[in-house]
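Student: Please pick one residue in this model and take a close look at it. I would like to know how it is placed and how the rest of the chain is arranged around it.

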Amino acid sequence: MEACTLELKEIIKTKGDYQLGKSYDARGRVFYTIKNIRGNEKHHAHLKKYSIACSVLSWVYNKKIPKNEYYIKSCLRLTIDKTYAERLLNHEKKEKYVNINKGVFR
């Protein structure tokens, strides 16, 4: 597999095969990019907040499934592990339990 040629302005954190970097858009606003070093150019994700970028980096590195659909898609873009990608795709959201107390008086 070919190495990623996406350049990061500042590399903030490296965890395994993943690099978290700081980048700037045309207006000078900061955003964070995570890239998979072993993947090709499509194996990267852009995120607005540093805390979210660190969370996504941790989820992908530890192969955990996030609860938010947007973060699941980010993890899918980053991973090259086929079994983890299948787990992300086949993940079903849990139904929210609501306890309804009708007709109860004190």
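Tutor: Lys-22 has a relative accessible area of 22%, so it counts as partly exposed; buried would require a value under 20%. The model is a predicted one. Lys-22 belongs to strand 2, and strand 2 covers residues 18–24.

The surroundings of Lys-22 come next. Leaving aside residues up to four places away in sequence, Lys-22 is in contact with Lys-9, Glu-10, Ile-12, Val-30, Phe-31 and Tyr-32. Within strand 3, the residue opposite Lys-22 is Tyr-32. A further point of reference is Lys-48, which is 26 residues from Lys-22 along the chain, with 10.0 Å between the two C-alpha atoms. For the chain as a whole, of the contacts between residues at least 6 apart in sequence, 38% join residues at least 24 apart. In a regular strand, side chains alternate between the two faces of the sheet.

Strand 2 is paired on both sides. Five bridges connect it with strand 1, and the two run antiparallel. At one of these positions Lys-15 stands opposite Tyr-18 of strand 2. The two strands make a hairpin with two residues between them, and Gly-16 in the turn has a positive phi of about 65°. Towards strand 3, strand 2 has seven bridges, again in an antiparallel arrangement. Tyr-24 has Val-30 of strand 3 as its bridge partner. This second hairpin has five residues between its strands, and there Gly-28 takes a positive phi near 90°.

Strand 3, which carries the residue opposite Lys-22, has five of its seven residues buried, so the rest of the structure largely encloses it. Strand 3 goes on to pair with strand 4 through four bridges, in the antiparallel sense. Ile-34 is matched there with Ala-45 of strand 4.

Put together, these pairings give an open sheet of four strands in the order 1-2-3-4, with antiparallel pairing. Strand 1 and strand 4 are at the edges and have a single partner strand each, so one side of each lacks a neighbour in the sheet. From one strand to the next the twist averages 20°. Helix 2 packs on this sheet and touches strand 2, strand 3 and strand 4; the direction of the helix makes about 145° with that of strand 4.

The sheet is one part of a chain with three helices and four strands. Read from the N terminus, the elements run β-β-β-β-α-α-α. The chain has 106 residues, of which 30% count as buried.

Helix 1 also has a buried side. The helix has 13 residues and spans 18 Å from first to last C-alpha, close to the 18 Å expected at 1.5 Å a residue. Its buried residues include Ala-53, Cys-54, Val-56, Leu-57 and Val-60. Viewed down the axis of helix 1, the buried residues fall within an arc of 165°, so they line one face of the helix. An α-helix has 3.6 residues a turn, so residues three or four places apart point the same way. The cover over the buried residues of helix 1 includes strand 2, the strand of Lys-22, along with strand 1, strand 3, strand 4, helix 2 and helix 3. Lys-63 follows helix 1 and has a positive phi, near 55°.

Helix 1 and helix 2 are linked by aromatic side chains. Taking ring centres within 6.5 Å as the criterion for a pair, the count is three aromatic pairs. In one of them, Trp-59 and Tyr-71 have ring centres 5.8 Å apart and planes at 45°, so this pair is tilted. Trp-59 is in helix 1 and Tyr-71 in helix 2, so the pair ties together parts that are 12 residues apart in sequence. At 24% relative accessibility Trp-59 is partly exposed, whereas Tyr-71, at 18%, counts as buried. Tyr-71 forms another pair with Tyr-70, an edge-to-face one with 5.8 Å centre to centre and 70° between the planes. Ring pairs thereby link Trp-59, Tyr-70 and Tyr-71 into a cluster.

To return to the residue itself: Lys-22 is partly exposed, sits in strand 2 and faces Tyr-32 across the pairing with strand 3.

Definitions and conventions. Residues numbered from 1 in each chain as written. Predicted model: local features only at pLDDT ≥ 70, side-chain atom pairs only at ≥ 80, totals over all residues. Heavy atoms only, no water. Phe/Tyr/Trp six-rings, centres within 6.5 Å; stacked < 30°, edge-to-face > 60°. Buried < 20%, exposed > 50% of the residue type's maximum accessible area, 1.4 Å probe, protein only. Expected span 1.5 Å × (residues − 1). Arc of directions from axis to C-beta. Contact = heavy atoms within 4.5 Å. Pairing = 2+ DSSP bridges. Axes fitted to C-alpha atoms, helices over the stretch in contact; angles between N-to-C directions.
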